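Here is a walk through one model, going from strand pairs to helix packing and then to the domains. Keep the viewer open while you read.

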Amino acid sequence: MPKVQMVEQSKIKKTKAVKKEVVKPDFRKYLNVYEFDVKLPSGIKLKLKPITAGQLKKFMTSIKSETIQELSKAMYEMISSSIVTEDFDINDIFLNDRPALILELRKISKGTVFQFEYKCTKCGSQSLITEDLGDVKIIKMPDKINPIVELDDNLSVQMDFVKIKDEQEILDLGLETETELLLSIIAISVKSIMTPEGDQDDLSLEDKIFFTDNIPQPMYEKLTQWHDEFHFGIDMKRKVKCMHCKEESDFTLDADNFFF
Ligand SMILES: [Zn+2]
């Protein structure tokens, strides 16, 4: 045994000596080397690295165009470049998880202090609001989810949570407004439609949009209620106070703005 150890040690010494001669300083290997473990509201665990100054600059430039397609693409690129978990497909992230993921990225890249301008609804003056993003509450995905929504005696639907890949499919339709996007997200979350003749689960996106466009409003509300009941993500609702007239108002944070 001692003999073997001796040999190994001398080997190590040799390698070290050789290394010393060839190693040249390279600052690149010390840049953005820290990784952070995060757990999303759905329970998915990821390893992230912070957004670099260059990525942020690119993001800020590309969102100036302001179409929802371009904003989504810029966000998609920024998120995917910071996920370091191997074999993880960003397309499989739930839309409900995305604000939490952006929040975590923001915290590790720029810290928790978030400031934004708020225009008072009563007196019209601007206030600078400071939020500590470390205090944002996470709403976990419920343990039990009932995917079936009964619409009437004939129709029921099976619902599913929407993923980034579904949103990409919707955006490819060329939507222009946030409202159109939200309506289509409800449509695409319908996984199958159950009729007295049987279940229909080979629905195209067009079928789903046709379906949600052609049901009465109370039925449509049952679909949005399903999303509310089983919602997970982060709590974006805040109370903001006007610095001038002290009026308090409800305000909803938008994860898309966390990097400004
Ligand atoms: Zn005011």
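Which residue is the bridge partner of Glu-150 in strand 7? Pick out Ser-156 and you have found it. Bear in mind throughout that this is a predicted model.

That bridge belongs to the pairing of strand 6 with strand 7 (residues 156–159), an antiparallel match over three bridges. Zoom out a little and the pair turns out to sit in an open sheet of four strands, ordered 6-7-8-9 with antiparallel pairing. Strand 6 (148–150) and strand 9 (198–200) are the edge strands: each has a single partner, so one side of each is left with no neighbour in the sheet. From one strand to the next, the twist averages 25°. As a general point, side chains in a regular strand alternate between the two faces of the sheet.

Further along the chain there's a hairpin made by strand 11 and strand 12, with six residues between the strands. One of the residues to look at there is Lys-246, which takes a positive phi near 65°. Strand 12 (residues 248–252) is hardly covered, with a buried count of zero among its five residues.

The two strand pairs described so far can be set out like this:

| Strand pair | Sense | Bridges | A facing pair |
|---|---|---|---|
| Strand 6 and strand 7 (residues 156–159) | antiparallel | three bridges | Glu-150 and Ser-156 |
| Strand 11 (residues 237–241) and strand 12 | antiparallel | five bridges | Lys-241 and Glu-248 |

Now for the helices. How do helix 2 and helix 3 cross? The axes of helix 2 (residues 53–62) and helix 3 (residues 68–82) come within 9 Å and cross at roughly 170°. Anything over 145 degrees counts as roughly antiparallel, so that's the label for helix 2 against helix 3. Helix 2 brings Gln-55, Phe-59 and Ser-62 to the contact, while helix 3 supplies Glu-70, Ala-74, Met-78 and Ser-81. Sorted by class, that contact has three nonpolar, three polar and one charged residues.

Finally, the domains. The assignment splits the protein chain into domain 1, built from 36–139 + 234–257, and domain 2, covering 148–231. Their C-alpha centres lie 26 Å apart, and the contact takes 12 residues from domain 1 and 12 residues from domain 2. Which helix gives the most to the side of domain 1 that touches domain 2? Helix 3 does, with three residues. By class, that side of domain 1 has six nonpolar, four polar and two charged residues.

Terms used:
Residues are numbered from 1 along each chain as its sequence is written. This is a predicted model: local features need pLDDT of at least 70, side-chain atom pairs count only at pLDDT 80 or more; totals for chains, interfaces and linings use all residues. Two strands pair if DSSP finds at least two bridges between them. Helices (H or I, at least four residues) and strands (E, at least two) are DSSP runs, numbered from the N terminus. Axes are lines fitted to C-alpha atoms, for helices over the stretch in contact, and angles run from 0 to 180 degrees between N-to-C directions. A residue is buried if 20 or more other C-beta atoms lie within 10 Å of its own, exposed if 12 or fewer, and partly exposed in between; C-beta atoms are placed from the backbone. Angles under 35 degrees count as roughly parallel, over 145 as roughly antiparallel, 65 to 115 as roughly perpendicular and the rest as oblique. Two residues are in contact if their C-beta atoms, placed from the backbone, lie within 7 Å. Ala, Val, Leu, Ile, Met, Phe, Trp, Tyr, Cys and Pro count as nonpolar, Asp, Glu, Lys and Arg as charged, and the others, Gly among them, as polar. Domain bounds come from an automatic or database domain assignment.
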